[in-house]
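Open the model in your viewer and set it to cartoon. Keep a selection box at hand. The tour begins with a pocket.

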Amino acid sequence: LYDMKNNVVASNLVTDQNGVVELPSTIQAGKYKLRELRTDPNFVLDEQVKPIELKAGETTEVVIENEPKRGKIQITKVSSGFNDITKDKEGAPLGGAVFEIYNNKMELVDTIETDSANGLATSKPLPLGVYGIKEKTSPEHYFTNGEMFYAEIKVHGDLVKFRVKNTPVELITTVEKRGVEETKAGESIYYDLSNITNSSNVPLEEFYIRDKLPTEAVRLETIWTGEWSERAKLDVQIRTNLKSGWRTIEKGLLSTVNNEIDCSRSALGLASSEYVTEFRILFQDEVQPGFHETTGPKIQVRVLDDVENLQKFTNKVDVGGRYEDEWVYDTDGWTTVTYNKPKGKLPQTGWQQFR
């Protein structure tokens, strides 16, 4: 405390636990100047000199407010590579990423979201200390590992910056179909499905295998669902020439069992003129990246009796799944030709006597 001539009147005035200090009663009424020399290390020192006037017989209250030492956390969100879906290039700023900020007691203190223009998100002023930051929501068609990272605000006015990359979603499925190259009327033939994978880097929902039959040449007899790398439940559904909607013929089968399904007319309860035009295996649970068959699905069909000689027919398959609102699929097919008579004049065998 100084008088108006800058002489020290009282010193070492220290606030108690309630933040209060009382001036000595020996100080006479008059005008003075009050200066703060030191404060709580978590607060900013108020260096402004406060003029006060003490009046005889009265209590004069002076309130000094100290601003907490604070800083901010700023995050720039960018793409780690080219995104096939959004066409964002590597390093492109990404909006819509939501981050949660926690203090050292794991209390949520702020939630911030990156803007679409610059991919920036800045926290409110936060007290000095260490904070955990976790990405709660990734931008659309991107994903993050969700791991917490940490920031330390050390000095007042600090702006702690992070550049955080998000991995673009890659949606890839694969399938291959194989069968016989040649057949003839009335034969039973087989098609094998292989290399069925979710090669995406994200899980897929509604993962399916759909087979479209060449009904001008064959009729479905049997389906084997195959065995799979993950335990899940699956349904088998069919469509027929008389009903366009999907009909479930088996529900909740285990993916770890190579289920054999009789698809004859009697087994399916089809009308005399009704036949299966396509079927699909639909997984009830989402399948993880790398999901694949360990024993491939297989189908048996019977070639119709009235197929023509040299008639070609193609069995088509597609495999796909959904991530959020995006679908991905792959296709393949196998063409077979029929031979209902000899392919040419057969060579003579035996011997002939010459004269």
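Select Leu-13, Thr-15, Val-21, Leu-23 and Leu-34 first. In this predicted model, these residues lie nearest the centre of the largest pocket, out of 40 that line it. The space inside comes to about 1500 Å³. Colour the lining by residue class. Of its residues, 21 are nonpolar, 11 polar and eight charged.

**Second stop: another pocket**

Now go to strand 17, residues 218-224. This strand gives the largest share of the lining of the second largest pocket, with three residues. To see the whole lining, select Arg-219, Leu-220, Glu-221, Cys-263, Ser-264, Arg-265, Leu-270, Glu-274, Tyr-275, Val-276 and Arg-302. The volume here is about 180 Å³. How does this lining divide into nonpolar, polar and charged residues? Five are nonpolar, one is polar and five are charged.

**Third stop: a four-stranded sheet**

Hide the surfaces and show the strands. Pick out strands 6, 5, 9 and 11, in that order. They form an open sheet with antiparallel pairing. Its edges are strand 6, at 108-113, and strand 11, at 149-153. Each of these edge strands pairs on one side only. Turn the view to look across the sheet. Neighbouring strands are turned by 30° against each other on average, direction ignored.

Next, show backbone hydrogen bonds. Strands of a sheet pair through such bonds, in either parallel or antiparallel fashion. Zoom in on strand 9, residues 129-137, and its partner strand 11. The two run antiparallel, and five bridges join them. For one end of strand 9, select Gly-129. Which residue of strand 11 is its bridge partner? Label Ile-153: this is the partner of Gly-129.

**Last stop: the whole chain**

Zoom out until the full trace fits the window. Along its principal axes, the C-alpha trace spans about 155 × 50 × 30 Å. The radius of gyration is 39 Å. A compact globule of 355 residues would have a value near 20 Å. Colour by secondary structure. The protein chain holds one helix and 26 strands. Finally, colour by accessibility. Buried residues, with under 20% relative accessible area, account for 37% of the 355 residues.

Methods. Residues are numbered from 1 along each chain as its sequence is written. This is a predicted model: local features need pLDDT of at least 70, side-chain atom pairs count only at pLDDT 80 or more; totals for chains, interfaces and linings use all residues. Side-chain values use heavy atoms; hydrogens and water are left out. Two strands pair if DSSP finds at least two bridges between them. Axes are lines fitted to C-alpha atoms, for helices over the stretch in contact, and angles run from 0 to 180 degrees between N-to-C directions. On a 1 Å grid over the protein atoms alone, a cavity is a set of points where a 1.4 Å probe fits but cannot get out, and a pocket is an open set with protein on both sides within 12 Å along at least five of seven lines; lining residues have an atom within 4 Å of a point. Grid points are joined across faces, edges and corners, and a volume is the space filled by probe spheres set on the points. Ala, Val, Leu, Ile, Met, Phe, Trp, Tyr, Cys and Pro count as nonpolar, Asp, Glu, Lys and Arg as charged, and the others, Gly among them, as polar. The radius of gyration is taken over C-alpha atoms; the globule rule is 2.2 Å times the number of residues to the power 0.38. Buried means under 20% relative accessible area, exposed over 50%, partly exposed in between (1.4 Å probe, protein chains only).
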